[in-house]
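Trainee: Could you take me through one part of this model up close? I'd like to see how the domains are laid out, and then what surrounds them.

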Amino acid sequence: MKQQLAQILTDVVQQLKDQGVIPEDAAPRIHVENTRDKAHGDFATNLAMMLTKMAGMPPRDLAQKIIDLLQNSSIIEKVEIAGPGFINFFVNDSAKFDVVGQVFEKADDYGRCNVGQGKSVLVEFVSANPTGPLHVGHGRGAAYGASVANLLDAAGFDVCREYYVNDAGRQMDILATSVWLRYLEQCGEEFAFPSNGYKGDYIFDIASQVRNQFAETLQKPAFEVFAGITADEGQDDGDKEKHIDDLIEKAKHLLGSQYYDVLQIAINSILGDIKDDLEGFNVRFDNWFSERSLMDTGVIDAALEKLQKAGKIYEKGGALWFRSTDYGDEKDRVVVRDNGLKTYFASDIAYHFNKLERGFDVLIDIWGSDHHGYIPRVRAAMEAMETNPEQLEVLLVQFAVLYRGGEKVAMSTRSGQFVTLRELREEVGADAARFFYVQRKSEQHMDFDLDLAKSQSNDNPVYYIQYAHARICRVLEQAVDKGYRLDLEQGMANLNLLTAEHETALATELAKYPEVIARAAVVYEPHQIAYYLKDLANGLHSYYNASQFIVEDDNLRQARLTLISAVKQVLKNGLALLDVSAPQSM
RNA sequence: GCGCCCGUAGCUCAAUUGGAUAGAGUACUCGGCUACGAACCGAGCGGUUAGGGGUUCGACUCCCUUCGGGCGCGCCA
């Protein structure tokens, strides 16, 4: 309907050009919007105000001229000039209900569009280090990323969901060493656990797994393990970083190849837990991409070579630097350290290089906002590899600040003090948690009140929406019980009987759904879906309270049941985008 | 100190991307079940959009500035 009006206005613009009112080369953006206030009709355009300067006449006069040029349309009932020069369109009721037929025709596909034109897009999200269970901070990124991916899919993009597994580097060594030390404790050795080690309870569990598999064969006496190790923090000349690094070296030395067995057990255990956790959160990935595979297949060297050929790599102080300042970064960045080890950044360059080689049109990275300082250097690397800067889109997610009992909850992975995503899911449910996270704009700071989410989960808006869906299901069941089975054909034929304000409002709301998806998708804002669904549910609840659906009049009853069935379908479609269930009853 | 993000009703958040009288939920005050589920509906209360300046027909939105909060500024990942 909106497109029809836009087309009509495009014709008017051409006529204005022909009449010499505006210059031939003018190319105004035709903007038709939904009105917020019913008094302003159904749709409005600001066209007259946009052209007022060009035409050299007052906006209201120009608006009148535009109206005079409007051709007759079957859907327009009335046109008015309002305010500073808005043109308001009133659409007739029968046209408003055309949408109901479209909903049933497309069913689960209603709302899908093709703004993506089949372009392939890689959405990388979560990508938490496999050093421990996911916590509630990761939960927001997971919920947001999954919904963005769903949105893009609905908008006609070819989406691939990927998790980048940081299974290489020092953090992995700290993990393996932490596990081994806990294992030694379980074998009866006594020593002070390193302050920089991973202290979570899950480390004990993994240590037990190691013990189940290797019995006591990996046991070494504590005095031998700690011989010649730099002191830990808190002691004379203590240094927690050197302390843990020395322990890692010692572990590798004492365990030989079996060190990597311990490492693999740890990674498998934690990654298995993460996968299971995300599955329970209804977050699914098409691909789990291993950082280590980049090293094994020489992709890092290939990527660095490409930068080298572009003349963007130089040597200084024994290290290799990438000249990212050529692309607006604050300083150049090291890619190979003087000790010959590649930096994490080198891996990341290679990872993005690999993404490009896989032929994606658009790369979307979803990161925690604490990584925002990292964007310029990745962008720089992309540009040095001669890609279009618009091919990379980095979306940031603010970490949720947790509150418990009115107090901020301090969280630190290393210290093992954090609320896990699993905990949250089990206490408030996956549906409520997913919805709660995605209700707010991603870059917006967010207060997550655990007490509220847990103890008053019935107040969560997700129940409001699900209730609307369940309510419709119940009404349809009741109708069947009374021998009034829904007959869509009859209902569609009698939609003209629906003239109440609640009814036309619902039809209008249904018609908005496809454009909400299109708009939300291009700006990566799933919260718009959440708000839309709340509005739609509100429309249904109001309608429910205002009138009875199962009435004596056969045609009227069928028309009403048909309308709410359409609402049911759209509620289901919208909830599906957020991976929230649409229950038949609750 | 420099850079990025943010500041909207008592609280938690929206605002069709520059449009009309800034809207929801919650809290508080009223009212609505012998109707298809009251996990619901209706009404009221609540605002100098942090402060100030600018851009224009028009600013919560864009620019400058001050204040306040978060994050980042390693040959860590």
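Mentor: Sure, let's start with the spacing: the C-alpha centres of domain 2 and domain 3 lie 59 Å apart, with the bounds taken from an automatic or database domain assignment. That assignment puts domain 2 at 170–271 and domain 3 at 460–577, and it also gives domain 1 at 2–91. Keep in mind that this is a predicted model, where local features need pLDDT of at least 70, side-chain atom pairs count only at pLDDT 80 or more, and totals for chains, interfaces and linings use all residues. Residues are numbered from 1 along each chain as written, chains are lettered from A, and side-chain values use heavy atoms, leaving out hydrogens and water.

Now zoom out to chain A, whose C-alpha trace spans about 90 × 65 × 40 Å along its principal axes. Of its 586 residues, 52% count as buried, meaning under 20% relative accessible area with a 1.4 Å probe, protein chains only; over 50% is exposed, and in between is partly exposed. Take contacts, that is, heavy atoms within 4.5 Å: among those in chain A between residues at least 6 apart in sequence, 73% join residues at least 24 apart.

Two cysteines are worth a look while you're there. Cys160 counts as buried because its relative accessibility is 16%, whereas Cys113, at 21%, is partly exposed. As for disulfides, meaning pairs of cysteine sulfur atoms within 2.5 Å, a search of the whole structure finds zero.
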